[in-house]
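Visitor: I would like a close look at a single part of this protein. Could you take me through the nonpolar core and what surrounds it?

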Amino acid sequence: TDDNTEWFHEVRDLVLDHNTKSEHLAFALTYNKASDEELAAVVARDIPLMVMSYNVMTVFLVCLLGRRDAVNTRVGFALAGVLSVMLAILSSFGFAMFLGVPFTIITQTLPFIILAIGVDDMLI
């Protein structure tokens, strides 16, 4: 199977190299591992975006719920809210992977939606 994978990569590189050289022809590749490879690349590109969105949301909540006096501040509440959303996402994805649920593009957007809903529920 390593020989097949190497062959697929060589053909892919050859076709993609030809795409950049030709003005009139464009090729698209479809093979059995293309979607898996592209999904892995998209997930790897979105990890910094996910980390940034959680950090921005945490800073927003700390600024929103924080007070100048130590008695009425709710910074711990903000941090616990974001932490509970993160733990819920991690546990649900872990359980889904345990059950063998396939990871698709739709599932990739769920952490952002769950973060928004969790923060909204925390503030209401």
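Guide: Happy to; what follows goes from the overall fold to the core, then to the pocket and a few individual residues.

Please keep in mind that this is a predicted model. The protein has four helices and zero strands, and from the N terminus on its elements run α-α-α-α. Of its 124 residues, 17% are buried. Looking at contacts between residues at least 6 apart in sequence, 55% of them join residues at least 24 apart.

Now to the part you asked about. The largest nonpolar core has eleven residues: Tyr-54, Leu-61, Leu-65, Ala-78, Val-82, Val-85, Ile-89, Phe-93, Leu-115, Val-119 and Met-122. Helices α2, α3 and α4 each supply at least two residues of this core, and α3 gives the most, with five residues. As a general point, nonpolar side chains in soluble globular proteins tend to be buried together.

Let us stay with α3 for a moment, as you will want to trace it by eye. This helix covers residues 75-99. It has 25 residues and reaches 36 Å from its first C-alpha to its last, close to the 36 Å expected at 1.5 Å a residue. Its buried residues are Ala-78, Gly-81, Val-82, Val-85, Ile-89 and Phe-93. Just after α3 comes Gly-100, which takes a positive phi of about 85°.

From there, turn to α4, which spans residues 105-123. Met-122 lies in this helix, and it counts as buried because its relative accessible area is 14%, with the cut-off set at under 20%. Leaving aside neighbours within four places in sequence, Met-122 is in contact with Leu-61, Phe-77, Ala-78 and Gly-81. You can also check its position against Val-82: the two residues are 40 apart along the chain, while their C-alpha atoms are separated by 9.0 Å.

Leu-115 is another member of the core. With neighbours within four places in sequence again left out, Leu-115 is in contact with Ser-53, Tyr-54, Met-57 and Val-85. Of these partners, Tyr-54 and Val-85 are themselves listed in the core.

Thr-107 is also placed in helix α4. Its relative accessible area is 18%, so Thr-107 is buried too. Not counting residues up to four places away in sequence, Thr-107 touches Phe-93 and Pro-102; Phe-93 is one of the core residues.

On the α2 side, the helix covers residues 34-65, and Thr-58 has its place there. Thr-58 is buried, because its relative accessible area of 19% falls under 20%. Beyond residues up to four places away in sequence, Thr-58 touches Leu-79 and Val-82, and Val-82 belongs to the core.

Leu-49 lies in α2 as well, yet it is partly exposed, with a relative accessible area of 40%. Its C-alpha is 9.8 Å from that of Phe-112, although the two residues are 63 apart in sequence.

The largest pocket is worth a look alongside the core. About 300 Å³ of space lies in it. It is lined by 13 residues, and those closest to its centre are Met-50, Ile-89, Leu-90, Phe-93 and Pro-111. Two of the names there, Ile-89 and Phe-93, will be familiar from the core. The lining divides into eleven nonpolar residues, one polar and one charged. Helices α2, α3 and α4 each supply at least two residues of this lining, just as each of them supplies at least two residues of the core.

Finally, a stop at the N-terminal helix. His-18 lies in helix α1, which covers residues 2-21. With a relative accessible area of 34%, His-18 is partly exposed. Apart from its neighbours within four places in sequence, His-18 is in contact with Leu-25 and Phe-27.

To gather the picture as you turn the model: α2, α3 and α4 each contribute to the core, with α3 giving the most, and those helices also supply residues of the lining of the largest pocket. Ile-89 and Phe-93 are good residues to centre your view on, being among the core residues and also among those closest to the centre of the pocket.

Key. Residues numbered from 1 in each chain as written. Predicted model: local features only at pLDDT ≥ 70, side-chain atom pairs only at ≥ 80, totals over all residues. Heavy atoms only, no water. 1 Å grid on protein atoms, 1.4 Å probe; cavity = no way out; pocket = protein on both sides within 12 Å on 5 of 7 lines; lining within 4 Å. Points joined across faces, edges and corners; volume = space filled by probe spheres on them. Nonpolar A, V, L, I, M, F, W, Y, C, P; charged D, E, K, R; others polar. Core = buried A, V, L, I, M, F, W, Y, C linked by side-chain atoms within 4.5 Å. Buried < 20%, exposed > 50% of the residue type's maximum accessible area, 1.4 Å probe, protein only. Contact = heavy atoms within 4.5 Å. Expected span 1.5 Å × (residues − 1).
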